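Subject: Structure handover

Hello,

Please find the structure below, with the sequence alongside. My notes on it follow.

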Amino acid sequence: MKVIFLGSGNLATRLSLEMHRKGMTIGQVYSYTPENARQLAGRLGCLWTTDLEAIETDADLYVFSLKDTVLANVITRIRPNDGLWVHTAGSMPMDIFSGHTANYGVLYPMQTFSKMREVDFSVIPFFIEANTSESASKLQQLAEKLSGNVRFLSSDKRKNLHLAAVFACNFTNHIYALAVKLLEQQDIPADVLLPLIDETVAKIHTMPPRVAQTGPAIRYDENVINKHLAMLGDSDMRSIYRLISQSIHKEARHE
């Protein structure tokens, strides 16, 4: 199978490298940024381009792994071909391809990716969708070469899944960053948080997050909460602390 990647970011990098490792031929990489395209193509041993007009038309699969804001425009500029076009976005509908190609779908691996960090693709849930049964079958076969957890999901449900993922991953990581910032201000090493973070995540493998919740907010201990608020000099952090504490307590009251 010959694959062309449009994009060279975190997801595109890890997914293309995994496909290459599984024996798929990555024929070309496109990126708006020459250095990014060159670096990824170098790791894959393939051609690269920054010119949409130069994208080859003989590939079996075209993977659009781009920012949501540019995806639609790039799609309109790709020369027609017989390949299967898929995007990897959690929040974009499959029908963004409609009218531009005959065979299209979605290949969404729900995971956080960084260019230089390897991940175990075999356990990553892949959510797929296609406009025809033939394309769906091809996409399923492809996804199952990468992961043991492949599911069909509509665009509408996928956008809700993506929303949940933002809460579970992006927002959580931001809270970690704020916690590290507080420790750095007191010259306390950030790695002291790691056992706490690890256990917090481990618990929700065996119990619902609501049951695993602990801390002063669940009982709304105003004595502790007010002390913490007074310690926070940053108004944004005070707002975040107050809002999340109120949300935790509200959820606990519904138990």
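Before anything else, please keep in mind that this is a predicted model. The notes go through one strand and its partners, then a pocket and a few loop residues.

**Strand S7 and its partners**

I began with strand S7, which covers residues 126-130. Is S7 mostly covered or mostly open? The strand is mostly covered, with five of its five residues buried. Phe126, Ile128 and Ala130 point one way from S7, while Phe127 and Glu129 point the other way. The residues on both sides are buried, and that includes Glu129.

S7 pairs with strand S6, residues 104-109, through five bridges, and the two run antiparallel. One of the residues involved is proline 109, whose bridge partner in S7 is phenylalanine 126.

S7 is also joined to strand S8, residues 150-152. Here there are three bridges, and the strands run parallel. In this pairing, phenylalanine 127 has arginine 151 of S8 as its bridge partner. What do S7 and S8 make together with helix H4? With H4, residues 133-146, they form a β-α-β unit, and the unit is right-handed.

**The loop between S6 and S7, and a pocket**

Threonine 112 sits in the loop that links S6 and S7. Its relative accessible area is 42%, so threonine 112 counts as partly exposed. Setting aside neighbours within four places in sequence, threonine 112 is in contact with Val119 and Cys169.

Threonine 112 also belongs to the lining of the second largest pocket. Which other residues line that pocket? They are Gln111, Phe113, Ser114, Arg117, Val119, Asp120 and Val123. Val119 therefore appears twice in these notes, as a lining residue and as a contact of threonine 112. By type, the lining divides into three nonpolar, three polar and two charged residues. The space in this pocket comes to about 210 Å³.

**The loop between H7 and H8**

Helix H7 (209-212) and helix H8 (222-231) are linked by a loop that holds tyrosine 220. Tyrosine 220 is not a glycine, yet its phi is positive, near 50°. How exposed is tyrosine 220? Its relative accessible area is 26%, so it is partly exposed.

Proline 216 lies in this loop between H7 and H8 as well. Proline 216 is partly exposed too, because its relative accessible area is 22% and buried means under 20%. Leaving out residues up to four places away in sequence, proline 216 touches Asp221, Val224, Ile225 and Tyr241. Proline 216 and serine 245 are 29 residues apart along the chain, and their C-alpha atoms are separated by 8.2 Å.

Aspartate 221 gives a link back to the earlier loop: its C-alpha atom and that of threonine 112 are separated by 34 Å, with their positions 109 residues apart along the chain.

**The loop between H5 and H6**

Aspartate 187 is another residue other than glycine with a positive phi, here about 55°. Its place is in the loop between helix H5 (155-185) and helix H6 (194-203). Is aspartate 187 buried or exposed? With a relative accessible area of 73%, aspartate 187 is exposed, because the cut-off for that word is over 50%.

Regards

Definitions and conventions
Residues are numbered from 1 along each chain as its sequence is written. This is a predicted model: local features need pLDDT of at least 70, side-chain atom pairs count only at pLDDT 80 or more; totals for chains, interfaces and linings use all residues. Side-chain values use heavy atoms; hydrogens and water are left out. Buried means under 20% relative accessible area, exposed over 50%, partly exposed in between (1.4 Å probe, protein chains only). Helices (H or I, at least four residues) and strands (E, at least two) are DSSP runs, numbered from the N terminus. Two strands pair if DSSP finds at least two bridges between them. A crossover is right-handed if, with the strands pointing away from the viewer, the path from the first strand over the helix to the second runs clockwise. Contact means heavy atoms within 4.5 Å. On a 1 Å grid over the protein atoms alone, a cavity is a set of points where a 1.4 Å probe fits but cannot get out, and a pocket is an open set with protein on both sides within 12 Å along at least five of seven lines; lining residues have an atom within 4 Å of a point. Grid points are joined across faces, edges and corners, and a volume is the space filled by probe spheres set on the points. Ala, Val, Leu, Ile, Met, Phe, Trp, Tyr, Cys and Pro count as nonpolar, Asp, Glu, Lys and Arg as charged, and the others, Gly among them, as polar.
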